[in-house]
Amino acid sequence: MEEVSILSEINWAVIAPLLVIQGILLIVAAIDLIRIDRTNGPKWMWALIIVLINILGPIIYFIFGRRND
Amino acid sequence: MQWWTLFQKELIENVRNVKWVWVPLVMILLAVMDPLTNYYLPQIIDAAGGMPDDTEIQLPEYQPADVVMMSLGQFSSMGVLVIALMSMGVISGERKSGVSELILVKPVSYLNYITAKWASLALLTLVAFSLGMLASWYYINLLFGALSFGALLQVLLFYGLWLLLIVSISIFYNTLVKTPGLVAFLTIATVMLMGLVTTIFSHILEWSPNRISTYIQQMLTTGSVPSDLTGAAIVTLMMIVFLIFGSVYTFRKKELAS
């Protein structure tokens, strides 16, 4: 029962924006990965990184995965 | 007019490589992370198993000014890293791939080329930083207590200047070396070195840009702008102008040499 009380204690109006930001990052990174021609390293690796690593995954992809040329 | 065209080209490019999406989002996350974890620390400790019954830890009561400093603290470490990493390839990458030659074959002045790059990066950084601090301000008013919008604007103005200096340092190294990774490393190393020098010679360097965040804290607690902050802001502005002209100069020399 303790877990239930912790969940209800947290104000979801406070946490929701964070979840939204994380969602946007993930979706934008995924769309970008599908549309881009080439990445640094194999595409499937970046797909795993974006989906599996929380918040940081999409950011790492944007910084290191994209090829600008 | 030429400058405006170059500037628009930079803006469009930053929209295409999704910097306009991810940099503001990352800045918002950075600004909001520390205030939220500190506010929910009691619950987090409970969820992680709780304290033994006989421990007594007084969790501090945070004032709005303390929380602003938490957000700024994140910007000084992770924010600088993000700025350095997102700006590392803007000129050096183009020179490596030969795009800059395609542009500079046309009668484009070096000054326009560099300042357009600088302005687009500066705009992106400032907008992202402002959005981050607005999010932080929202949570401060929600969870910790009132902070006036005027105080927030002052924080944005002075700390924004410090972030512009980092952008300028990065642009300068962009014109100096061709490897993007090295640009990011040199930028971060320079900022750390400046911090080190400032702490060692703190009695002389009262107007060092690195002390802006300390003075911002003073400003928030006393409610008036300390004179040292104005001085530091002037020094920062001068360094930015100096760095921009320095980058135009090195860029011209490098391009003529190659």
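Helices here are DSSP runs of H or I with at least four residues, and strands are runs of E with at least two, numbered from the N terminus. Keep in mind that this is a predicted model.

**Exercise 1. Work out the fold pattern of chain B and how its contacts are spread along the sequence.**

Start with the element count: chain B has 11 helices and zero strands. Read along the sequence, that gives α-α-α-α-α-α-α-α-α-α-α. Next, take the box along the principal axes, which for the C-alpha atoms is roughly 75 × 40 × 30 Å. Finally, look at contacts with a separation of 6 or more: 79% of those in chain B join residues 24 or more positions apart.

**Exercise 2. Describe the surface and the charges of chain B.**

First the burial: 50% of the 258 residues in chain B are buried. Then the surface, where the accessible area is about 12300 Å² and carbon and sulfur atoms hold 69% of that. Last, the charges: there are 12 positive and 14 negative side chains, with the centres of the two sets 28 Å apart.

**Exercise 3. Find the residues that touch the most other members of the largest nonpolar core, then follow one of them outwards.**

The largest nonpolar core has 100 residues, and the ones touching the most other members are Trp22(B), Leu72(B), Trp118(B), Met133(B), Trp162(B) and Ile216(B). Helix 7 of chain B gives the most to this core, with 17 residues. Now pick Ile216(B): beyond its neighbours within four places in sequence, Ile216(B) contacts Met69(B), Leu72(B), Val155(B), Phe158(B) and Tyr159(B).

**Exercise 4. Decide whether Thr125(B) is buried or exposed, and say what surrounds it.**

Place the residue first: Thr125(B) sits in helix 7, residues 110-144. Its relative accessible area is 0%, so Thr125(B) is buried, given that the cut-off for buried is under 20%. As for its polar partner, the side chain of Thr125(B) reaches the backbone oxygen of Leu121(B) at 2.7 Å. Outside the four places either way in sequence, Thr125(B) touches Ile83(B), Met86(B), Leu163(B) and Val167(B).

**Exercise 5. Do the same for Asn174(B), and add a distance.**

Asn174(B) belongs to helix 8, residues 149-176. With a relative accessible area of 0%, Asn174(B) is buried too. Leaving out neighbours within four places in sequence, its contacts are Ser87(B), Met88(B), Gly89(B), Val90(B), Ile91(B), Ser92(B), Arg95(B) and Val183(B). For the distance, take Ile28(B), 146 residues away along the chain: the C-alpha atoms of Asn174(B) and Ile28(B) are 26 Å apart.

Conventions. Residues are numbered from 1 along each chain as its sequence is written. Chains are lettered from A and ligands numbered from 1 in the order in which they are written. This is a predicted model: local features need pLDDT of at least 70, side-chain atom pairs count only at pLDDT 80 or more; totals for chains, interfaces and linings use all residues. Side-chain values use heavy atoms; hydrogens and water are left out. Buried means under 20% relative accessible area, exposed over 50%, partly exposed in between (1.4 Å probe, protein chains only). Contact means heavy atoms within 4.5 Å. Accessible areas come from the Shrake-Rupley method with a 1.4 Å probe; for residues, only the protein chains shown count as cover. Lys and Arg count as positive and Asp and Glu as negative; His and the chain ends are not counted. The place of a charge is taken as NZ of Lys, CZ of Arg, CG of Asp or CD of Glu. A polar contact is a pair of N or O atoms within 3.5 Å; within protein, one must be able to donate a hydrogen and the other to accept it, and residues adjacent in sequence count only if both atoms are side-chain atoms. A nonpolar core is a set of buried Ala, Val, Leu, Ile, Met, Phe, Trp, Tyr and Cys residues joined through side-chain atoms within 4.5 Å.
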